[in-house]
Amino acid sequence: MGGDTHRPLPVEVVTIKDVARAAGVSTATVSLVLNGRGAIGKATRDRVKRVAAELAYRPSIRAQRLRTGRSGSIAVITTIPDTVVGGSSRLGYLLDIAIAVAGSALKRGYSMVLTPPMADVSELDALDIDGAILLDPVENDPFAARLAGRGVRIVTIGDVEGVQSVGTVDRGVAGADVLIEHLIAQGCIHLLLISSIERTAVATSVRAYAAAREARGDMRLTTLELPLRDAEQEAYRVVSGMLARGTDVDAVYAPIDLFAVGAGRALCEAGRRIPEDVRLVTHYNGLRAQTFEPPITALDLHLDRMAELAVMLLLDSLEGRADRTVLPAPRPDVIVRGSTRTVVG
(Lines give C-alpha, C1' and ligand atoms only; values in the text may rest on other atoms or scores of the structure.)
Protein backbone atom coordinates (compact mmCIF):
# COMPACT_ATOMS: atom_id res chain seq x y z
CA MET A 1 0.00 0.00 0.00
CA GLY A 2 3.00 2.22 0.47
CA GLY A 3 3.07 2.91 -3.25
CA ASP A 4 -0.43 4.36 -3.24
CA THR A 5 -0.72 8.07 -3.85
CA HIS A 6 -3.60 10.23 -2.76
CA ARG A 7 -5.12 12.05 -5.65
CA PRO A 8 -7.84 14.67 -5.37
CA LEU A 9 -11.27 13.46 -6.37
CA PRO A 10 -12.36 14.88 -9.72
CA VAL A 11 -14.84 17.71 -9.46
CA GLU A 12 -17.81 17.21 -11.75
CA VAL A 13 -18.59 20.44 -13.51
CA VAL A 14 -22.27 20.98 -14.22
CA THR A 15 -22.79 22.46 -17.68
CA ILE A 16 -25.68 24.30 -19.26
CA LYS A 17 -26.42 21.09 -21.22
CA ASP A 18 -26.89 19.19 -17.95
CA VAL A 19 -29.40 21.80 -16.76
CA ALA A 20 -31.26 21.71 -20.09
CA ARG A 21 -31.44 17.89 -20.05
CA ALA A 22 -32.70 17.74 -16.47
CA ALA A 23 -35.26 20.50 -17.05
CA GLY A 24 -36.42 19.06 -20.37
CA VAL A 25 -35.71 22.22 -22.36
CA SER A 26 -33.13 23.47 -24.86
CA THR A 27 -29.82 25.05 -23.87
CA ALA A 28 -31.05 28.28 -25.51
CA THR A 29 -34.02 28.33 -23.13
CA VAL A 30 -31.75 27.80 -20.13
CA SER A 31 -29.52 30.64 -21.28
CA LEU A 32 -32.48 33.00 -21.74
CA VAL A 33 -33.91 32.16 -18.31
CA LEU A 34 -30.65 32.48 -16.41
CA ASN A 35 -29.84 35.77 -18.13
CA GLY A 36 -33.31 37.19 -17.51
CA ARG A 37 -34.17 37.53 -21.19
CA GLY A 38 -36.78 36.21 -23.58
CA ALA A 39 -40.52 35.57 -23.32
CA ILE A 40 -40.35 32.31 -21.41
CA GLY A 41 -43.44 31.07 -19.56
CA LYS A 42 -43.42 31.31 -15.77
CA ALA A 43 -43.70 27.55 -15.23
CA THR A 44 -40.74 26.85 -17.51
CA ARG A 45 -38.72 29.71 -16.03
CA ASP A 46 -39.35 28.47 -12.48
CA ARG A 47 -38.45 24.89 -13.43
CA VAL A 48 -35.17 25.90 -15.06
CA LYS A 49 -34.17 28.02 -12.06
CA ARG A 50 -35.06 25.22 -9.65
CA VAL A 51 -33.08 22.62 -11.58
CA ALA A 52 -30.08 24.96 -11.91
CA ALA A 53 -30.12 25.51 -8.15
CA GLU A 54 -30.48 21.78 -7.40
CA LEU A 55 -27.54 20.94 -9.65
CA ALA A 56 -25.48 23.85 -8.21
CA TYR A 57 -24.94 25.17 -11.73
CA ARG A 58 -22.55 28.11 -12.05
CA PRO A 59 -22.41 30.00 -15.36
CA SER A 60 -19.06 30.26 -17.08
CA ILE A 61 -17.63 33.72 -16.53
CA ARG A 62 -15.37 33.24 -19.55
CA ALA A 63 -18.33 32.36 -21.78
CA GLN A 64 -20.24 35.39 -20.54
CA ARG A 65 -17.30 37.66 -21.36
CA LEU A 66 -17.00 36.20 -24.86
CA ARG A 67 -20.71 36.67 -25.46
CA THR A 68 -20.89 40.27 -24.25
CA GLY A 69 -17.48 41.42 -25.50
CA ARG A 70 -16.72 42.87 -22.07
CA SER A 71 -13.82 42.16 -19.78
CA GLY A 72 -15.91 42.32 -16.63
CA SER A 73 -13.19 44.43 -15.01
CA ILE A 74 -12.92 47.98 -13.80
CA ALA A 75 -9.78 49.82 -12.70
CA VAL A 76 -8.90 52.19 -9.91
CA ILE A 77 -6.49 54.76 -11.32
CA THR A 78 -4.76 57.64 -9.61
CA THR A 79 -2.93 60.48 -11.26
CA ILE A 80 -1.40 61.50 -7.93
CA PRO A 81 2.39 61.25 -8.37
CA ASP A 82 4.30 58.36 -6.84
CA THR A 83 6.18 60.88 -4.68
CA VAL A 84 2.90 61.52 -2.83
CA VAL A 85 1.27 58.07 -2.71
CA GLY A 86 4.59 56.23 -2.39
CA GLY A 87 6.09 54.86 0.78
CA SER A 88 3.93 54.02 3.76
CA SER A 89 0.85 55.75 2.37
CA ARG A 90 0.54 53.03 -0.28
CA LEU A 91 -1.08 51.21 2.62
CA GLY A 92 -3.45 54.13 3.13
CA TYR A 93 -5.52 56.32 0.83
CA LEU A 94 -5.17 54.36 -2.40
CA LEU A 95 -5.55 50.94 -0.81
CA ASP A 96 -8.42 52.03 1.44
CA ILE A 97 -10.42 53.07 -1.61
CA ALA A 98 -9.29 50.09 -3.70
CA ILE A 99 -10.43 47.50 -1.13
CA ALA A 100 -13.84 49.15 -0.87
CA VAL A 101 -14.14 49.35 -4.68
CA ALA A 102 -13.16 45.68 -5.04
CA GLY A 103 -15.84 44.57 -2.59
CA SER A 104 -18.61 46.67 -4.12
CA ALA A 105 -17.67 45.63 -7.67
CA LEU A 106 -17.51 41.93 -6.84
CA LYS A 107 -21.06 42.00 -5.47
CA ARG A 108 -22.19 43.02 -8.95
CA GLY A 109 -20.05 40.51 -10.83
CA TYR A 110 -17.07 42.70 -11.72
CA SER A 111 -13.43 42.35 -10.77
CA MET A 112 -11.11 45.25 -9.99
CA VAL A 113 -7.70 46.13 -11.38
CA LEU A 114 -5.51 48.30 -9.16
CA THR A 115 -2.88 50.25 -11.08
CA PRO A 116 0.22 51.91 -9.64
CA PRO A 117 0.76 55.64 -10.19
CA MET A 118 1.75 56.12 -13.83
CA ALA A 119 3.82 58.82 -15.44
CA ASP A 120 3.07 57.81 -19.05
CA VAL A 121 -0.54 57.78 -20.25
CA SER A 122 0.31 55.12 -22.86
CA GLU A 123 0.63 52.60 -20.02
CA LEU A 124 -3.16 52.68 -19.78
CA ASP A 125 -3.37 50.91 -23.12
CA ALA A 126 -2.28 47.65 -21.47
CA LEU A 127 -5.47 47.56 -19.37
CA ASP A 128 -8.35 45.39 -20.59
CA ILE A 129 -11.15 47.13 -18.69
CA ASP A 130 -14.73 48.27 -19.20
CA GLY A 131 -14.55 51.28 -16.92
CA ALA A 132 -12.34 53.17 -14.50
CA ILE A 133 -12.61 55.13 -11.28
CA LEU A 134 -10.21 58.06 -11.46
CA LEU A 135 -9.07 59.45 -8.12
CA ASP A 136 -8.50 63.20 -7.75
CA PRO A 137 -8.04 64.06 -11.45
CA VAL A 138 -6.54 67.33 -12.60
CA GLU A 139 -8.20 69.76 -15.00
CA ASN A 140 -8.18 68.42 -18.59
CA ASP A 141 -6.67 65.25 -17.16
CA PRO A 142 -4.59 63.41 -19.82
CA PHE A 143 -5.34 60.00 -18.26
CA ALA A 144 -9.07 60.65 -18.49
CA ALA A 145 -8.70 61.77 -22.09
CA ARG A 146 -6.73 58.62 -22.99
CA LEU A 147 -9.33 56.35 -21.42
CA ALA A 148 -12.23 58.20 -23.05
CA GLY A 149 -10.48 57.91 -26.40
CA ARG A 150 -10.56 54.14 -26.01
CA GLY A 151 -14.24 54.16 -25.13
CA VAL A 152 -13.61 53.35 -21.48
CA ARG A 153 -16.23 54.87 -19.21
CA ILE A 154 -14.96 56.97 -16.33
CA VAL A 155 -16.25 58.00 -12.93
CA THR A 156 -14.21 60.53 -11.01
CA ILE A 157 -13.81 61.06 -7.30
CA GLY A 158 -13.45 64.82 -7.28
CA ASP A 159 -15.12 67.16 -9.78
CA VAL A 160 -12.87 69.13 -12.15
CA GLU A 161 -13.19 70.89 -15.48
CA GLY A 162 -12.39 69.22 -18.77
CA VAL A 163 -12.87 65.58 -17.78
CA GLN A 164 -15.33 63.51 -19.79
CA SER A 165 -17.01 61.24 -17.24
CA VAL A 166 -20.27 59.34 -16.83
CA GLY A 167 -20.44 60.31 -13.18
CA THR A 168 -18.71 62.08 -10.33
CA VAL A 169 -18.52 61.77 -6.58
CA ASP A 170 -18.19 65.45 -5.79
CA ARG A 171 -16.43 66.49 -2.61
CA GLY A 172 -17.48 70.12 -2.93
CA VAL A 173 -16.28 72.09 0.10
CA ALA A 174 -16.83 69.10 2.38
CA GLY A 175 -13.71 68.85 4.48
CA ALA A 176 -12.77 72.48 4.03
CA ASP A 177 -15.77 73.66 5.99
CA VAL A 178 -15.48 71.22 8.88
CA LEU A 179 -11.74 71.75 9.35
CA ILE A 180 -11.89 75.54 9.09
CA GLU A 181 -14.82 75.67 11.50
CA HIS A 182 -12.78 73.47 13.85
CA LEU A 183 -9.83 75.89 13.66
CA ILE A 184 -12.07 78.90 14.26
CA ALA A 185 -13.55 77.14 17.30
CA GLN A 186 -9.99 76.78 18.57
CA GLY A 187 -9.58 80.57 18.37
CA CYS A 188 -7.50 80.67 15.18
CA ILE A 189 -7.73 83.88 13.15
CA HIS A 190 -4.81 83.71 10.66
CA LEU A 191 -4.81 80.63 8.44
CA LEU A 192 -1.92 79.56 6.20
CA LEU A 193 -3.21 77.33 3.37
CA ILE A 194 -0.57 75.20 1.65
CA SER A 195 -1.90 73.80 -1.62
CA SER A 196 -0.47 72.19 -4.74
CA ILE A 197 0.27 73.92 -8.01
CA GLU A 198 -0.61 70.73 -9.91
CA ARG A 199 -3.73 69.60 -8.04
CA THR A 200 -6.31 72.33 -7.74
CA ALA A 201 -9.63 70.59 -6.98
CA VAL A 202 -9.32 70.30 -3.19
CA ALA A 203 -7.30 73.50 -2.80
CA THR A 204 -9.92 75.48 -4.72
CA SER A 205 -12.68 74.41 -2.36
CA VAL A 206 -10.54 75.16 0.70
CA ARG A 207 -9.59 78.57 -0.65
CA ALA A 208 -13.21 79.39 -1.51
CA TYR A 209 -14.51 78.48 1.91
CA ALA A 210 -11.66 80.25 3.72
CA ALA A 211 -12.21 83.38 1.60
CA ALA A 212 -15.89 83.37 2.59
CA ARG A 213 -14.95 83.28 6.25
CA GLU A 214 -12.34 85.99 5.68
CA ALA A 215 -15.02 88.21 4.10
CA ARG A 216 -17.11 87.83 7.25
CA GLY A 217 -14.18 88.94 9.36
CA ASP A 218 -13.70 85.62 11.12
CA MET A 219 -10.15 85.05 9.90
CA ARG A 220 -7.32 86.10 7.62
CA LEU A 221 -5.99 83.88 4.84
CA THR A 222 -2.47 83.47 3.46
CA THR A 223 -1.95 80.95 0.64
CA LEU A 224 1.05 79.05 -0.66
CA GLU A 225 1.07 76.99 -3.86
CA LEU A 226 3.93 74.49 -3.97
CA PRO A 227 5.04 71.76 -6.38
CA LEU A 228 4.51 68.14 -5.41
CA ARG A 229 8.07 67.21 -6.25
CA ASP A 230 9.91 66.79 -2.92
CA ALA A 231 6.67 67.98 -1.30
CA GLU A 232 7.65 67.53 2.33
CA GLN A 233 11.04 69.21 1.93
CA GLU A 234 9.57 72.00 -0.18
CA ALA A 235 6.95 72.80 2.47
CA TYR A 236 9.63 72.70 5.15
CA ARG A 237 11.87 75.08 3.19
CA VAL A 238 9.18 77.62 2.30
CA VAL A 239 7.50 77.68 5.71
CA SER A 240 10.90 77.98 7.42
CA GLY A 241 11.61 81.05 5.27
CA MET A 242 8.25 82.59 6.09
CA LEU A 243 8.76 82.13 9.81
CA ALA A 244 12.27 83.57 9.59
CA ARG A 245 10.82 86.68 7.95
CA GLY A 246 8.39 87.10 10.83
CA THR A 247 5.19 85.86 9.18
CA ASP A 248 2.62 85.36 11.91
CA VAL A 249 0.04 82.57 11.54
CA ASP A 250 -1.82 80.60 14.16
CA ALA A 251 -3.07 77.76 11.94
CA VAL A 252 -1.69 75.76 9.01
CA TYR A 253 -4.09 73.87 6.74
CA ALA A 254 -2.32 71.51 4.32
CA PRO A 255 -4.75 69.13 2.56
CA ILE A 256 -1.83 66.98 1.33
CA ASP A 257 -0.24 65.22 4.28
CA LEU A 258 3.33 65.62 3.01
CA PHE A 259 2.91 69.40 3.06
CA ALA A 260 1.49 69.16 6.58
CA VAL A 261 4.47 67.15 7.83
CA GLY A 262 6.98 69.51 6.18
CA ALA A 263 5.24 72.56 7.63
CA GLY A 264 5.09 70.89 11.04
CA ARG A 265 8.83 70.27 11.01
CA ALA A 266 9.48 73.90 10.12
CA LEU A 267 7.25 75.13 12.93
CA CYS A 268 8.92 72.92 15.51
CA GLU A 269 12.44 73.90 14.45
CA ALA A 270 11.50 77.58 14.59
CA GLY A 271 10.35 77.15 18.19
CA ARG A 272 6.64 77.46 17.35
CA ARG A 273 4.78 75.04 19.59
CA ILE A 274 2.04 72.82 18.17
CA PRO A 275 -0.76 73.35 19.17
CA GLU A 276 -0.06 76.09 21.72
CA ASP A 277 1.20 78.59 19.13
CA VAL A 278 0.01 77.10 15.82
CA ARG A 279 -2.67 74.53 15.01
CA LEU A 280 -1.98 72.09 12.16
CA VAL A 281 -4.53 70.09 10.10
CA THR A 282 -4.57 67.88 7.00
CA HIS A 283 -7.10 65.82 5.06
CA TYR A 284 -6.17 62.15 4.85
CA ASN A 285 -6.08 60.23 8.11
CA GLY A 286 -3.01 58.21 7.16
CA LEU A 287 0.20 57.07 8.78
CA ARG A 288 1.94 60.38 8.20
CA ALA A 289 -0.72 62.25 10.17
CA GLN A 290 -0.92 59.60 12.85
CA THR A 291 2.81 59.21 13.48
CA PHE A 292 3.88 62.87 13.40
CA GLU A 293 4.60 64.38 16.81
CA PRO A 294 2.19 65.68 17.86
CA PRO A 295 -0.25 63.58 15.80
CA ILE A 296 -2.02 65.74 13.20
CA THR A 297 -5.76 66.40 13.26
CA ALA A 298 -7.24 64.93 10.07
CA LEU A 299 -10.53 63.87 8.48
CA ASP A 300 -12.47 60.66 8.39
CA LEU A 301 -13.33 60.93 4.70
CA HIS A 302 -15.57 57.82 4.79
CA LEU A 303 -13.60 56.35 1.90
CA ASP A 304 -15.60 53.11 1.93
CA ARG A 305 -18.85 54.95 1.23
CA MET A 306 -17.13 57.20 -1.33
CA ALA A 307 -15.87 54.13 -3.18
CA GLU A 308 -19.29 52.48 -3.02
CA LEU A 309 -20.90 55.52 -4.64
CA ALA A 310 -18.26 55.59 -7.40
CA VAL A 311 -18.77 51.89 -8.18
CA MET A 312 -22.54 52.33 -8.29
CA LEU A 313 -22.25 55.23 -10.76
CA LEU A 314 -19.81 53.36 -12.99
CA LEU A 315 -21.61 50.01 -13.10
CA ASP A 316 -25.03 51.62 -13.52
CA SER A 317 -23.62 53.38 -16.58
CA LEU A 318 -22.06 50.19 -17.95
CA GLU A 319 -25.38 48.42 -17.51
CA GLY A 320 -27.53 50.97 -19.28
CA ARG A 321 -27.88 54.30 -17.46
CA ALA A 322 -27.33 57.03 -20.04
CA ASP A 323 -27.32 60.29 -18.07
CA ARG A 324 -24.28 61.71 -16.29
CA THR A 325 -24.84 61.74 -12.54
CA VAL A 326 -23.12 63.77 -9.83
CA LEU A 327 -23.45 62.59 -6.24
CA PRO A 328 -22.17 64.39 -3.15
CA ALA A 329 -19.39 62.69 -1.24
CA PRO A 330 -20.14 61.70 2.36
CA ARG A 331 -19.64 64.55 4.80
CA PRO A 332 -16.28 64.09 6.55
CA ASP A 333 -15.80 64.10 10.30
CA VAL A 334 -12.88 65.72 12.12
CA ILE A 335 -10.53 63.37 13.98
CA VAL A 336 -9.10 65.67 16.63
CA ARG A 337 -5.52 64.96 17.64
CA GLY A 338 -2.72 66.70 19.48
CA SER A 339 -2.00 69.20 16.72
CA THR A 340 -5.22 71.11 17.49
CA ARG A 341 -6.41 69.79 20.82
CA THR A 342 -7.38 72.60 23.17
CA VAL A 343 -4.53 73.41 25.53
CA VAL A 344 -5.72 73.38 29.15
CA GLY A 345 -4.10 75.86 31.56
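**A walk from H302 through the fold**

Hi everyone, let's start at one residue, H302, which is partly exposed, with a relative accessible area of 22%. That value sits between the 20% limit for buried and the 50% limit for exposed, so "partly exposed" is the right word for H302. Please keep in mind that this is a predicted model.

Where is H302? You'll find H302 in the loop between β10 and α13. Its phi is near 55 degrees, a positive value in a residue other than glycine. Most residues other than glycine have a negative phi. There is another such residue to look at: D136, with phi near 45 degrees, in the loop between β3 (131-135) and α7 (142-149). D136 is buried, because its relative accessible area is 14%, and buried means under 20%.

Let me step back for the overall picture. The protein chain has 345 residues, and 48% of them count as buried. Its secondary structure comes to 13 helices and 12 strands. If we take contacts between residues at least 6 apart in sequence, 70% of them join residues at least 24 apart.

Now to helix α13. It runs over residues 303-318, and at 1.5 Å a residue those 16 residues should span 22 Å; the end C-alpha atoms are 22 Å apart, so the two agree. Many of its residues are listed as buried, including L303, M306, L309, L313 and L318. After the helix comes G320, with a positive phi near 130 degrees.

What does α13 pack against? One partner is helix α6, residues 93-107, with the two axes 8 Å apart and an angle of about 50 degrees between them. Since 50 degrees falls between the 35 degree limit for roughly parallel and the 65 degrees where roughly perpendicular begins, the two helices are oblique to each other. The crossing is right-handed. On the α6 side the contact includes Y93, I97 and V101, while α13 brings in, among others, L303, A307 and V311.

Which residues have the most contacts inside the largest nonpolar core? They are L191 and Y253, in a core of 45 residues. The largest share of this core, 10 residues, comes from α13. Leaving out residues up to four places away in sequence, Y253 touches a list that includes G175, L179, L191, V206 and H283. Apart from this core lies another one, of 30 residues, with I194, V238, F292 and I296 among them.

Next, the loop between α11 and β9, where P275 is found. The peptide bond from I274 to P275 is cis, with omega near 10 degrees. A second cis bond runs from E293 to P294, with omega near 0 degrees, and P294 is in the loop between α12 (287-291) and β10 (297-300). Most peptide bonds are trans.

D277 is also in the loop between α11 and β9, and it is partly exposed, with a relative accessible area of 24%. Its C-alpha atom is 10.0 Å from that of D248, though they are 29 residues apart along the chain. Away from its sequence neighbours, D277 touches V249, D250, G271 and R272.

Last stop: T340, in the segment after β12 (333-335). Is T340 buried or exposed? Buried, with a relative accessible area of 0%. Its contacts beyond four places in sequence include H182, R279, T297 and the P275 we just met. Thanks for listening!

Note on methods:
Residues numbered from 1 in each chain as written. Predicted model: local features only at pLDDT ≥ 70, side-chain atom pairs only at ≥ 80, totals over all residues. Heavy atoms only, no water. Helix = DSSP H or I, 4+ residues; strand = E, 2+ residues; numbered from the N terminus. Expected span 1.5 Å × (residues − 1). Buried < 20%, exposed > 50% of the residue type's maximum accessible area, 1.4 Å probe, protein only. Contact = heavy atoms within 4.5 Å. Core = buried A, V, L, I, M, F, W, Y, C linked by side-chain atoms within 4.5 Å. Axes fitted to C-alpha atoms, helices over the stretch in contact; angles between N-to-C directions. Parallel < 35°, antiparallel > 145°, perpendicular 65-115°, else oblique. Left-handed = near helix turned anticlockwise from the far one by under 90°.
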